[in-house]
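This report covers a ligand site and two sheets. The sequence and the model come first.

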Amino acid sequence: MDKFLVTGGRPLEGTIRVSGAKNSALPCMAAAILTKDELILENIPQVKDIDTERRLLASMGAEVELTQDHSTRIRCATLSDPVAKYEIVKTMRASSLVLGPLVARAGLARVAMPGGCAIGGRPIDLHIKGLEKMGAKITQEHGYIEARAERLKGAHLVFDKITVTGTEDLLMAAVLAEGETLMENAAREPEIMDLAALLTKMGAKIAGAGSSTIRVHGVERLHGARHRIIPDRIEAGTFLAVGAITGGDLIVAGCEPAHLGAVAAKIQEAGARVETVAADAIRVRGNGALRGTDISTEEYPGFPTDMQAQFMALVTQAEGVSVIKENIFENRFMHVQELVRMGANIKVDGRTATVRGRSQLSAASVMCSDLRASASLVLAALVADGQSVLDRVYHIDRGYERIEEKLRSVGAKMERVRTAPDPAGNPPENGGEE
Ligand code: EPZ
């Protein structure tokens with residue numbers, strides 16, 4: 001398993017470019033199931049989860065090519081085996097995104113139950129409830145969900161909880177269903193708007209994506225399309241936090257400032273200077289004096305749970321107290337103990353973490369546990385004195401494209417120590433998943 005060696009203490013300066021959004025690319029790739037035609041997606045990030053999705057689609061009979069120019073061409077002319085197997089699903093929960101499209105396209109889906117992961121139980125009961133409401137017959141046995149339907153029927157779906165992939169899964173089920181579907185209490189993330197934009201290009205009839213009420217008029221078939229994936233707002237937010245915590249001066253380029261409102265506001269509130277300098281670029285300057293700032297994670301457009309760990313690392317360097325409430329997942333403080341080992345002062349009580357700063361962090365050997373917790377350890381290592389060793393960086397590689405190269409390009413002293421890859425090319429056994 002690869003490690004990162006990171007030596008802290010340098011303000012990072014320059015321009016750092018954001019890749020395409022992993023959490024938009026994953027549902028958009030699954031949308032290829034809905035047509036026999038070819039789908040071409042651009043601005044695909046070269047991260048592990050995308051390759052997992054490629055393997056998943058190929059295992060079902062799709063032709064999937066990931067090109068070197070950050071594009072993918074997918075054709076699901078036939079789906080010989082509409083099964084998402086446990087070996088793949090256990091490494092990436094987002095595999096459940098094929099459930100809706102498979103039932104809509106093939107009338108049948110068998111998807112391994114994702115199981116829990118480092119940050120929580122991650123049930124998909126709301127996905128299943130929606131499909132049942134649309135007429136699917138659901139059975140669960142041997143750790144798999146099987147869903148069958150001659151043709152799904154439009155329905156009035158009200159989500160008990162706001163769920164991002166639940167909204168995406170059922171949106172993809174609804175576009176080929178018979179009649180109208182009304183989705184209420186839907187998630188509003190930009191990734192859902194991006195998926196709806198793709199589906200519309202494929203011939204779907206959707207209104208309201210990005211709001212909590214989405215209307216879909218089902219159609220008989222969808223055709224191929226070409227679509228460019230939106231920038232990754234969480235990678236962009238992570239780099240804003242990097243500029244702030246190192247007291248540097250970074251231009252985060254190729255981003256969508258409109259998707260970063262809550263994150264930019266909180267990093268500014270913590271004392272950094274944040275300003276939009278172009279339609280696709282934000283400048284962040286850390287002038288050293290950071291101050292304690294509270295956050296409470298909420299669904300979009302609130303402060304994203306996927307930025308909670310990174311912000312916690314940031315406020316270990318702030319004078320005063322910061323109260324961090326994690327409202328979305330039940331166990332998303334895996335980074336706390338590692339940050340404490342580096343010298344941070346953090347106390348956890350249930351879903352609330354209280355950070356007292358400023359702490360001088362000292363370099364240590366630390367363990368990555370999940371994607372965003374790992375990003376927070378990179379942030380901490382960039383300001384710790386000495387050289388830190390980050391183990392199990394495959395967690396970071398799932399959602400950040402060549403992060404060590406991007407950070408080195410703006411002055412970070414950071415290198416990857418490669419260890420022998422698995423000869424079969426499989427992810428590490430406990431490849432974790434989010
Ligand atoms: C998506 O996960 C993202 N993943 C996550 O990003 C992100 O943290 C999360 O949304 C919240 O924003 C992808 O888009 C691939 P949810 P998802 O369904 O859809 C509960 C990352 O770091 N729930 O919105 O799985 C659930 O347990 C990853 O890139 C149910 O109870 O999250 C959670 O408490 C990590 N039943 C809450 O809802 C369900 O059927 C929100 O989960 C579904 C969800």
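The model is predicted. The account starts with the ligand and then turns to the sheets.

**Ligand site**

The shell around the ligand holds 24 residues, and Arg 93, Thr 163, Thr 165, Asp 306 and Ile 328 come nearest. Sorted by class, the shell has 10 nonpolar, five polar and nine charged residues. Three polar contacts of ligand oxygen atoms are listed here.

| Residue | Partner atom in the protein | Distance to a ligand oxygen |
|---|---|---|
| Arg 93 | side-chain N or O | 2.5 Å |
| Thr 165 | side-chain N or O | 2.6 Å |
| Ile 328 | polar backbone atom | 2.7 Å |

The ligand taken alone exposes 830 Å², of which the protein buries 93%. Four helices each give two or more residues to the shell: H1 (22-30), H5 (125-133), H6 (164-174) and H12 (371-381). Helix H5 gives the most, with three residues.

**Sheet with S6, S7, S9 and S8**

One open sheet has four strands in the order S6-S7-S9-S8, and its pairing is mixed. Strand S6 (83-84) and strand S8 (137-141) each have a single partner strand, so each of these edge strands has one side without a neighbour in the sheet. Strand S8 runs antiparallel to strand S9 (residues 144-148), and five bridges join the two. In this pair, Thr 139 is opposite Glu 146 of S9. Helix H4 (residues 99-106) lies across S9 and strand S7 (108-112), and its direction is at about 160° to S7.

**Sheet with S4, S5, S3 and S14**

Another open sheet of four strands has the order S4-S5-S3-S14, again with mixed pairing. Its edges are strand S4 (63-66) and strand S14 (225-228), each of which pairs on one side only. On average, neighbouring strands in this sheet are turned by 10° against each other, direction ignored.

Strand S4 and strand S5 (residues 72-75) run antiparallel and are joined by four bridges. Leu 66 stands opposite Thr 72 of S5. Across S4 and S5 lies helix H2 (residues 48-59), which runs at about 160° to S4. Helix H7 (residues 190-201) also packs on the sheet, where it touches strand S3 (38-42) and S14, and its direction makes about 160° with that of S14.

Definitions and conventions: Residues numbered from 1 in each chain as written. Predicted model: local features only at pLDDT ≥ 70, side-chain atom pairs only at ≥ 80, totals over all residues. Heavy atoms only, no water. Near = heavy atom within 4 Å. Polar contact = N/O pair within 3.5 Å; in protein donor to acceptor, adjacent residues only side chain to side chain. Areas by Shrake-Rupley, 256 points an atom, 1.4 Å probe, with all protein chains shown as cover. Nonpolar A, V, L, I, M, F, W, Y, C, P; charged D, E, K, R; others polar. Pairing = 2+ DSSP bridges. Contact = heavy atoms within 4.5 Å. Axes fitted to C-alpha atoms, helices over the stretch in contact; angles between N-to-C directions.
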